[in-house]
Structure formats: structure tokens, C-alpha cells
Amino acid sequence: MKVAEMVRSPRRVDRHRGFRHHWTFVTLASLGLAGLGCGSASSHGGTLPQVEVQSPLSTTLSWFAAINAHNKALALAHFVPADRDMMEWSSWGPPFRHLRCRLGYVSASHATVDCAFDAIYDPATGMSGDSGWGIDLQRSRGGPWLIDSYGQG
């Protein structure tokens, strides 16, 4: 079933420095992804898998791999629960190709990873030449690194 939805194109949001959200809205006639921000359960029909405790760089690469594999549950699990709605853009369009990521900043509870990839031109996902994103992650003591923001910027 196709559902027309308003979704946001990812734009980098740096919550730690107080920058404002900048979202571009596009109409997407594809997967209905309502309810993705629900705690540990999601609209995929079950609980989300656990994300491994690993480095911020490995967590980021794992997230991109989940997207490329169209594994919605695992992709969502890489986010802080309150920010899982950031995956609403995804219609599982073209894969991220030639992904290159490097660790930017890291502290005990926050990290940034910068990634570059082949430019993606896909109106269905709202991506018009995106070729890199910054990924912000946070970590609770002893827990996994989880994404709390990402996008261009």
C-alpha cells in the first residue's frame, strides 16, 4: 500500500551547540513509516534488536550497513529512542556507495563521525546531491553509542 507522507530531508542538527533544526519537506509516495519513534517497539511489528557496544565509528558504519540492507529494525535501533523519527525520510532508495567515515570528536558521552559517500540524487527520499553527513552520537555509561542527530551541514 502506498501512502503519501510529508518527510524531512536530513540536515545536520547540532543540539550540543544550540543550532536550530533546518528541515526541507518533500512529499513521498511510498512506504508508510508512521510510528517509528515508539520506544523499543516500532511499526515493523516487534521489538528492536540490541545495538552492540562498539566504537562510535563502528556504530555509524553498522547503521549505514543496516540501511543498505533495508533492515529497518536494526537501522532504528541505532538511534536514541526519542530521535527515531529521524528515519522517517527513508524509503530504502539507492544504497550508500563508497562510504568513507572518520571519527571527528569523542568524549565519554558524545562523539561525531563524518562520512562521505557517492552523491545521491533520489527525489523519493528528498536527497538531491547529498554526498556526506555528519553523525552525532551519545552514550550512557556502559551502553552502546546511539545516534541523536545526523545530516548535512
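**A disulfide, a nonpolar core and an open sheet**

A disulfide (a pair of cysteine sulfur atoms within 2.5 Å) joins C101 to C115, with an S to S distance of 2.1 Å. C101 lies in strand 3 (residues 100-106) and C115 in strand 4 (residues 110-122), so the link ties together parts that are 14 residues apart in sequence. The link of C101 and C115 is right-handed, with 115° about the S-S bond, and a search of the whole structure finds one disulfide. The model is predicted: local features need pLDDT of at least 70, side-chain atom pairs count only at pLDDT 80 or more, and totals for chains, interfaces and linings use all residues. Residues are numbered from 1 along each chain as its sequence is written, and side-chain values use heavy atoms, with hydrogens and water left out.

The protein has two helices and six strands, which are DSSP runs numbered from the N terminus (helices: H or I, at least four residues; strands: E, at least two). From the N terminus on, the order of these elements is β-β-α-α-β-β-β-β. Strands 3 to 6 are arranged in an open sheet of four strands with the order 3-4-5-6 and antiparallel pairing; two strands pair if DSSP finds at least two bridges between them. Strand 3 and strand 6 stand at the edges with a single partner strand each, so one side of each lacks a neighbour in the sheet. Strand 4 and strand 5 run antiparallel and are joined by 10 bridges. D122 has M127, in strand 5, as its bridge partner.

Of the 153 residues of the protein, 43% count as buried, that is, under 20% relative accessible area (exposed is over 50%, partly exposed in between; 1.4 Å probe, protein chains only). C115 counts as buried because its relative accessibility is 6%. The largest nonpolar core (a set of buried Ala, Val, Leu, Ile, Met, Phe, Trp, Tyr and Cys residues joined through side-chain atoms within 4.5 Å) holds 28 residues, of which W63, F64, F96, W133, I135 and Y150 touch the most other members. At least two residues of this core come from each of helix 1 (56-68), helix 2 (72-77), strand 4, strand 5 (127-139) and strand 6 (145-151). Strand 4 gives the most, with five residues.

Leaving aside neighbours within four places in sequence, F64 is in contact (heavy atoms within 4.5 Å) with F96, L99, F117, W133 and I135, and also with both C101 and C115. Across the protein, residues 24 or more positions apart account for 56% of the contacts with a separation of 6 or more.
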